[in-house]
Amino acid sequence: MFFTGHGPFPSYLHRLNLRTHDNCSCGGKGDPMHFVTKCRFILSWHFQTPTVSLKLQWLESILTNNLSRSRLRLLMRFICDENNLIVEDIH
């Protein structure tokens, strides 16, 4: 879900017209990178924010590191389970 952007992310749900906006409840753009690096509601799950020039290497390191993949899986599970806390639709 993280790498494709498909899942319970506000940006994806907005693209499918299932949400009226693409923002996270904290006010940031609700895309996968926001959740793993910036969202204030899930600080304990954060990864260090990569620089723009090293983003590809950063993504590759997540794929090749067992601990990082495990943390990412747990984060995605949390987002799926607690979606109502993270994705708030504003009418």
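**Close-up views of a five-helix chain**

**View 1. D31 lies in the loop between α1 and α2.** Helices here are DSSP runs of H or I with at least four residues, strands are runs of E with at least two, and both are numbered from the N terminus. This is a predicted model, where local features need pLDDT of at least 70, side-chain atom pairs count only at pLDDT 80 or more, and totals for chains, interfaces and linings use all residues. Residue numbers start from 1 along each chain as its sequence is written, and side-chain values use heavy atoms, with hydrogens and water left out. D31 comes out as partly exposed, at 24% relative accessible area (under 20% is buried, over 50% exposed, and partly exposed lies in between, with a 1.4 Å probe and protein chains only). Setting aside residues up to four places away in sequence, D31 touches F9 and S11 (contact means heavy atoms within 4.5 Å). Look for P10 here too: P10 and D31 are 21 residues apart along the chain, yet their C-alpha atoms are separated by 6.6 Å.

**View 2. K29 is another resident of the loop between α1 (10-15) and α2 (32-37).** With a relative accessible area of 46%, K29 is partly exposed. Its contacts, not counting residues up to four places away in sequence, are S11, D22, N23, C24 and H34. L72 is 43 residues from K29 in sequence, and the two are 19 Å apart in space, C-alpha to C-alpha.

**View 3. N17, also in the loop between α1 and α2, is exposed.** Its relative accessible area is 69%. Check the backbone while you're there: N17 isn't a glycine, but has a positive phi of about 60°. Most residues other than glycine have a negative phi.

**View 4. T37 is a buried residue in helix α2.** The relative accessible area of T37 is 9%. Once neighbours within four places in sequence are left aside, T37 is in contact with H46, F47, Q48, T49, P50 and W58.

**View 5. Helices α3 (residues 55-64) and α4 (residues 66-81) pack with their axes 5 Å apart.** The packing angle is about 90°, so α3 and α4 are roughly perpendicular to each other. The axes are lines fitted to C-alpha atoms, over the stretch in contact for helices, and angles run from 0 to 180 degrees between N-to-C directions. On the α3 side you'll find I62, L63 and T64, which meet N66, S68, R69 and L72 of α4. Those contact residues split into three nonpolar, three polar and one charged.

**View 6. Zooming out, the protein chain has five helices and zero strands.** From the N terminus on, its elements read α-α-α-α-α. The radius of gyration of the protein chain is 13 Å, close to the 12 Å that the globule rule gives for 91 residues, so the chain is as compact as a globular protein of that length. Its C-alpha atoms fill a box of roughly 40 × 25 × 20 Å along the principal axes. Buried residues account for 38% of the 91 residues in the chain. Among contacts with a separation of 6 or more, 46% come from residues 24 or more positions apart. The chain exposes about 5800 Å², with carbon and sulfur atoms supplying 55% of it.

Technical notes
Angles under 35 degrees count as roughly parallel, over 145 as roughly antiparallel, 65 to 115 as roughly perpendicular and the rest as oblique. Ala, Val, Leu, Ile, Met, Phe, Trp, Tyr, Cys and Pro count as nonpolar, Asp, Glu, Lys and Arg as charged, and the others, Gly among them, as polar. The radius of gyration is taken over C-alpha atoms; the globule rule is 2.2 Å times the number of residues to the power 0.38. Accessible areas come from the Shrake-Rupley method with a 1.4 Å probe; for residues, only the protein chains shown count as cover.
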